[in-house]
Amino acid sequence: MAPTAATVRTVPTGSGSPRGGGPGRATRWSDSLILVLTRRCDLRCAYCPTVKDGEPDLSPADALRAIDLFVSRHGGGDCKLFGGEPLLVPAAVEAVIRNAPPTVNVYLSTNGSHLSRHWIELLHAHPSVTLTVSLDGEPGDHDGLRRGARTYDTVTRWLPELLRLPRFVVTQTIAPSTAARAAANFRHLRALGIRRFNLLPGYYLPWTEAQLSALHQSFDEIAAHFETAWSLGERLYLRNLFVRAPTPFYNTGFVVDSDRRIYPNNLVLAGAFDSLRAATSIGSLDAPPTPERLAEATAAAPAVLEAAVGARIMESTRLADAALTALCNRLYPAYFKMRARA
Ligand code: SF4
């Protein structure tokens, strides 16, 4: 699973900028370690920007070294295991899950095609690990966005066991082409028994006005579903309410790429930003940046991004992100009401 919001939320709240208001964890984006364990992936999702070939994998030893460095700087925080597809480097994933110190919250994002009994048992043995699996909705849309790779059946086969994990989240990615069906896809996922969601509109893609309007409408329907469920006392979770970053849809923090270089965010994974790698790298595991240099590079990232993608795509991204922000802002009152009753 590409490191996107599979976990991200950014600028004004829904994606959550520092300006917005929301629950407490939302300010922790600067305390995240993102390990790009590999760029390899066996899928080719239509919305995926990650450059997948010709890069090394991060070794288990280097993954643990990065965690040591992160802990020495921050004391702890969130460690997100991304790819490519992280389960293609099982030794590195397992090393992190088994050895991360208690101050580090491990998040594993996967496309689900390599799930196995082994992973389910390991996650049961480490209940503090959050597993995020991509499932975009009905089989036609889910497999269609994967250009025909039939992972819907694979993921749903494991669903009964995944649902028993204490921290299992589904990322529903919404491409411009599926925006009009996003609410129907969400309802399909709910009908499968899923209760914990991360919604991810396709980022750095050209959204048309009609697609953005469909996205807003779908989010309205999804928001109404959450409000009704919460009013009935149902425990539904939306991760977007709790995460923010300063760059739309990308993870910001201490990013260690699969080649051991360090960046202030994972924009560098996208092919469109390949030419910026030298300019945006701020060190390596052998020569890590100072906290000041990391903060400076993080602050400079939005301008670098805007210059690289161009005004049209940037505006399109902002508008898609704004739709997600509006969803979050609509839901905060109902969320706090539900929490007050709990
Ligand atoms: S699963 Fe899809 S989105 Fe994730 S890295 Fe592979 S191709 Fe990209």
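These are my notebook entries on a predicted model of one protein.

**Entry 1: the whole chain**

I began with the overall make-up. The protein has 10 helices and 10 strands. I then looked up burial. Of its 342 residues, 48% count as buried. Next I checked how far apart in sequence the contacting residues are. I took the contacts with a separation of 6 or more, and 79% of them join residues 24 or more positions apart.

**Entry 2: the nonpolar core**

Which residues have the most contacts inside the largest nonpolar core? I found L35, V36, L37, C79, L81 and V96. The core itself has 81 residues. I also asked which element gives the most to this core. The answer is helix 10, residues 311-341, with nine residues. I added a general note here: in soluble globular proteins, nonpolar side chains tend to be buried together.

**Entry 3: strands 1 and 2**

I moved on to strand 1, residues 32-36, and its pairing with strand 2. The two strands run in the parallel sense, with five bridges between them. I picked out V36 and found F82 of strand 2 opposite. V36 had already come up among the residues with the most contacts in the core.

Why is strand 2 described as largely enclosed by the rest of the structure? Strand 2 covers residues 77-82, and five of its six residues are buried, so the description fits.

**Entry 4: helix 1 against helix 2**

I looked up helix 1, residues 60-74, and helix 2, residues 90-99. Their axes come within 8 Å. They cross at roughly 35 degrees, and the crossing is right-handed.

Which residues meet there? Helix 1 brings P60, A63, L64 and I67. Helix 2 brings A91, A92, A95, V96 and N99. I sorted the residues of this contact by type: eight are nonpolar, one is polar and none is charged. V96 is another residue from my core list.

**Entry 5: Q172**

My last stop was a single residue, Q172, in strand 5, residues 168-174. Is Q172 buried or exposed? Q172 counts as buried because 23 C-beta neighbours lie inside 10 Å, and the cut-off for buried is 20 or more.

I then listed the contacts of Q172, leaving aside neighbours within four places in sequence. They are L135, D136, G137, N185, F186, L189, F197, L199 and L200. I also checked the distance from Q172 to P201. These two residues are 29 apart along the chain, and their C-alpha atoms are separated by 8.3 Å.

Note on methods: Residues numbered from 1 in each chain as written. Predicted model: local features only at pLDDT ≥ 70, side-chain atom pairs only at ≥ 80, totals over all residues. Axes fitted to C-alpha atoms, helices over the stretch in contact; angles between N-to-C directions. Helix = DSSP H or I, 4+ residues; strand = E, 2+ residues; numbered from the N terminus. Left-handed = near helix turned anticlockwise from the far one by under 90°. Contact = placed C-beta atoms within 7 Å. Nonpolar A, V, L, I, M, F, W, Y, C, P; charged D, E, K, R; others polar. Core = buried A, V, L, I, M, F, W, Y, C linked by C-beta atoms within 7 Å. Buried ≥ 20, exposed ≤ 12 C-beta atoms within 10 Å, placed from the backbone. Pairing = 2+ DSSP bridges.
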